[in-house]
Structures are given as C-alpha cells and as structure tokens.
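Work through the exercises below with the sequence and the model in view. Each task is followed by a solution in steps.

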Amino acid sequence: MHAALIACAALALALCLDWLLGEPPAWAHPVVGMGCYLGWAGDRFAPSCGQRQPHWPAFAWGALAWCVGAAAVVSFAGWLQAQLLPLDAWIAAGLMALALKPLLAWRALHHEVAAVEQALGQSLAAGRVQLARLVSRDVTQLSETEVREAAIESLAENLNDSLVAPVFWFVVAGLPGAALYRFANTADAMWGYPGQRGAHHWHWAGKFAARADDVLSWVPARITAALLALVAGGLNARALAQQAAQTPSPNSGWPMAAMAMALNVALNKPGVYTLNDHGMAATQQHMANALNLASKATLALVLTAQAAIYLIACIAVVRGATP
C-alpha cells in the first residue's frame, strides 16, 4: 500500500504542478530529450526517397532504433522509481510528481486550444496561424467554422495522447509505463506519418513506430471516449463506435467522435471524414463547452486512476495473504 499511496499522491501533485507551472524548460524536458534522440537516429536510417515495394532494411532499422530508445527510457524511469519508493511516502510522492509532470501536458493543450478562439476574435488569419501550432494539416484555406472544428478535434485527440494515455500506463506500470508511452507517442509524431518530411521518406522507416503507438493507444483512446461520454451525461455506445470507425486511425476517432456527439457539432476533415454530420456548425460557445468537457474529463480521469491504483494494490495484498 506504500507504493499505491505514493502513486495516488504523485498523480494528483503532477496535475497540480502541470496546471500551475506549465512545461519545464527545454533543457530539462524529458520529451525534448526523446525528440533529440529520435531526430538523431532518424537522420541515420531513414531513406532519402520513397519505396513502392516494402523496404525491409528501413523498417528493420526503424524498429531497432525504436526499441533501443524505448529500452533506455524505460530503464531510466524504472531505476528512478526504484530509488524513490523506499523514501518517506510524501517525499517520494513529491519527487515522483516532479518526474511524472513532464510526461503530461494538460495545461499546454488547454491553453493552445483556448488561444485559437482568442485569435479568431482578432481575425480569421490569426486563428489559422494559431491553429497551425496544433495540427499538421494545411490551414490556409479553412473557414472560421473549420478552424474551430479542427481545434476541437485536436483537443479531443490530444486529451488522449497528452493526458489519458500516459496516466493509464502510469496506473498499469508506474513511471516506466508513462515514460514508454510518451516515447512511443513522440516517435509516432516524428516518424509515424508516411511521406516525405525534410530529407527523409518515412513510409517504411516509421511504420514500426506508428504501429507501436497504435497498440499503446488502443485502450486509452476508448477510455478517453468513455470519460467524455460520462461527463456529458451519457452517449449511445453503438453510434459512438460507428462514428469512430469513419476515421483512418484505429484510435483517434474515438475521443473525437465522443466530443462531436457530446457537443452536438459536426467535425469535418475535408476529403477524409465527417463526424456527427447532422450536428451543428461549431461556434465560439462550442469551443468553450469543449474545453469545459475536457476539464471535467480530466478530473474524472484522476479520480478513476487513483481508484484503480488503490484497487490494484488491494488485490495484490489479498493475493499475497492467500496461502
């Protein structure tokens, strides 16, 4: 129970630190360090041109580089956690919160999405510029409604990537689990999208990273949708599954569809999908409601995660006491 107390307190403290202090400086940010490794490794194995046929050497080198980086991240996080757990509970919780906080990014996500609406209050051009900080799609031709739709989609998708998924893996595997997820998600962002980026082609070189992120995000994405449905007062599960299946990703459609249905707005990515197509056009009020729903889901996540940590600890105690 000592470890469970530390984990529960550390999670709450980490979220408080995140909201109060925001992101640490780049030199002290572990995710930035992961990105530096991924950039360095990618420059050395990713091919400079695309391949029509399977390019197994690029795939193999990408898989090996991912595994080496993941092993290093998990090993360090595991060592750090082992040093903290024997300490006094509250000292250990405080230090673990400091280690966990950079693996979560709720305040940054909330502020970036809110800034899109603030920028739209100045001009459509300003709103597009702010949105470009959140999404990879071309924003230059988006209307005001489409800018809001893209921001709401990004909020829902990144609620999973930046918060729910690392917390889920923290519950499952402690600090090493959260660190592994953030490494996998960063690798997917840098390597996992097929096509030409910079001097390299990533269709095969980044395929392992993309699939690893899909696997690690599968359960958390559905938990994110469930949390949004919970705080929205309930959603039709069958309709949610049908909407989520419209997106190419096996995971991102779940939180986005849940958000669209909860707000009763249509979320459209031209030429790719339209979620909740009978919903209303996104307005300023819908942006505010989306942020409010995400905030409530964050609170529900923390309480649920702490309950899960305590339950897992109780089961372990009972099993240990059983002859």
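A residue is called buried at under 20% relative accessible area, exposed at over 50%, and partly exposed in between (1.4 Å probe, protein chains only). Helices (H or I, at least four residues) and strands (E, at least two) are DSSP runs, numbered from the N terminus. The model is predicted: local features need pLDDT of at least 70, side-chain atom pairs count only at pLDDT 80 or more, and totals for chains, interfaces and linings use all residues. Residues are numbered from 1 along each chain as its sequence is written, and side-chain values use heavy atoms, with hydrogens and water left out.

**Exercise 1. Describe the two sides of helix 9 (residues 237-244).**

Step 1. List the buried residues of helix 9: Leu240, Gln243 and Ala244.

Step 2. Locate them around the axis. They cover an arc of only 95 degrees, so they sit on the same side of helix 9. The arc is that of the directions from the helix axis to the C-beta atoms.

Step 3. Turn to the other side of helix 9, where Arg238 and Gln242 are exposed.

Step 4. Find the packing partners. The buried residues of helix 9 pack against helix 8 (207-231), helix 10 (253-263) and strand 4 (273-275); contact means heavy atoms within 4.5 Å.

**Exercise 2. Classify the ring pair of Phe76 and Trp79.**

Step 1. Apply the rule. Rings of Phe, Tyr and Trp (its six-membered ring) pair if their centres lie within 6.5 Å; planes under 30 degrees apart count as stacked, over 60 as edge-to-face and the rest as tilted.

Step 2. Search the whole structure: there are 13 aromatic pairs.

Step 3. Take the values for Phe76 and Trp79. The ring centres are 5.9 Å apart and the planes lie at 35 degrees, so the pair is tilted.

Step 4. Place the two residues. Both belong to helix 3 (residues 56-84), three residues apart, which is about one turn of the helix.

Step 5. Check Phe76: with a relative accessible area of 53%, Phe76 is exposed.

**Exercise 3. Which residues lie over the faces of Trp204 and Trp218?**

Step 1. Use the criterion: NZ of Lys or CZ of Arg is within 6 Å of the ring centre and within 35 degrees of the ring normal.

Step 2. For Trp204, the residue is Lys207, at 4.8 Å from the ring centre.

Step 3. For Trp218, the residue is Arg222, at 3.8 Å from the ring centre.
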